[in-house]
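Student: Could you pick one part of this model and take me through it up close? I'd like the geometry, the contacts and how much of each side chain shows, and then a bit about what surrounds that part in the rest of the chain.

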Amino acid sequence: MSDPLSQVFAALADPTRRDLVARLTDGDATVGQLAAPYRVSVQAISKHLKVLEQAGLVSRCAQVHRSPVHLEAEVFDLMTKWIERYRQRAEARYQRLDAVLAEMDDDEAGHRPAREETA
């Protein structure tokens, strides 16, 4: 996958990676700190982080042992722009549908016979 947006969505398809990203919104953390709540090895979390790194969602300083993992929030701008474009298109379709339904209601109201009251 060479498309950055596809890489980001593929990386976030895994619930563990989504959780790691969510936890990193609170601040940088070491791999050990990120691994602590899981019943998997630090190596398994490192593999998840490598996928997130390749997608550009997180970064680590490779030279420093126990370096903190940093969330690259700018990548979310790419996702937000993509999502917003399609949200706007969907919103426009819903507005057109609302207009058609309102017109149908108006047409039906003009063709309805008056109700008779019963006592």
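Tutor: Here's a close look at helix α5, followed by a shorter tour of the rest of the chain. Keep in mind that this is a predicted model.

First, some bearings. The chain has five helices and two strands, and from the N terminus they run α-α-α-α-β-β-α. Helix α5 covers residues 74-111. Of the chain's 119 residues, 23% count as buried.

Let's start with the aromatic rings. Trp82 and Tyr86 make an aromatic pair, with 4.9 Å from ring centre to ring centre and 55 degrees between the planes. Why is that pair called tilted, and not stacked or edge-to-face? Stacked needs planes under 30 degrees apart and edge-to-face needs over 60, so an angle of 55 degrees ends up as tilted. Sequence spacing comes into the picture too: Trp82 and Tyr86 are four residues apart in α5, and that separates them by about one helical turn. In general, an α-helix has 3.6 residues a turn, so residues three or four places apart point the same way.

How much of those two side chains shows? Trp82 has 33% relative accessibility, and Tyr86 has a relative accessible area of 37%. Buried would need under 20% and exposed over 50%, so Trp82 counts as partly exposed, and Tyr86 gets that label as well. The rings also reach beyond this pair, since Phe9 joins Trp82 and Tyr86 in one aromatic cluster. The model's count of aromatic pairs is two.

Now for the charges in α5. Glu84 and Arg87 form a salt bridge, with 2.6 Å from N to O. The two residues sit three apart in the helix, about one turn. Glu84 is partly exposed, with 28% relative accessible area, and Arg87 is partly exposed as well, at 42%. If you think in terms of polar contacts, the side chains of Glu84 and Arg87 are joined by one of 2.6 Å.

Moving on through the numbering, you get to a nonpolar surface patch of about 480 Å², made by Tyr94, Leu97, Val100, Leu101 and Met104. One of these, Val100, has its place in α5. Its relative accessibility is 45%, so Val100 counts as partly exposed.

What about salt bridges elsewhere? The model has two of them, and one is between the side chains of Glu53 and Arg60, at 2.8 Å from N to O. Here Glu53 is partly exposed at 28% relative accessible area, while Arg60 is partly exposed at 27%.

To round this off, look at the start of the chain. Helix α1 takes in residues 4-11, and its buried residues are Leu5, Val8 and Ala11. Seen down the axis of α1, those buried residues fall within an arc of 130 degrees, so they line one face of the helix.

Helix α2 covers residues 15-24, with Arg17, Leu20, Val21 and Leu24 as its buried residues. These cover an arc of only 95 degrees around the axis, which puts them on the same side of α2. Don't skip over Arg17 there: despite being an arginine, it is on the list of buried residues. At the start of α2, a side-chain oxygen of Asp14 reaches to within 2.8 Å of the backbone nitrogen of Thr16.

So, back to α5 for the short version. The helix holds a tilted Trp82–Tyr86 pair and a Glu84–Arg87 salt bridge about one turn long. Val100, also in α5, takes part in the nonpolar patch.

Terms used: Residues are numbered from 1 along each chain as its sequence is written. This is a predicted model: local features need pLDDT of at least 70, side-chain atom pairs count only at pLDDT 80 or more; totals for chains, interfaces and linings use all residues. Side-chain values use heavy atoms; hydrogens and water are left out. Rings of Phe, Tyr and Trp (its six-membered ring) pair if their centres lie within 6.5 Å; planes under 30 degrees apart count as stacked, over 60 as edge-to-face and the rest as tilted. Buried means under 20% relative accessible area, exposed over 50%, partly exposed in between (1.4 Å probe, protein chains only). A salt bridge is a side-chain nitrogen of Lys or Arg within 4 Å of a carboxyl oxygen of Asp or Glu. Patches are made of residues with over 30% relative accessible area and no salt bridge: like charges are joined within 9 Å, nonpolar side chains (Val, Leu, Ile, Met, Phe, Trp, Tyr) within 5 Å. Accessible areas come from the Shrake-Rupley method with a 1.4 Å probe; for residues, only the protein chains shown count as cover. The arc is that of the directions from the helix axis to the C-beta atoms. A polar contact is a pair of N or O atoms within 3.5 Å; within protein, one must be able to donate a hydrogen and the other to accept it, and residues adjacent in sequence count only if both atoms are side-chain atoms.
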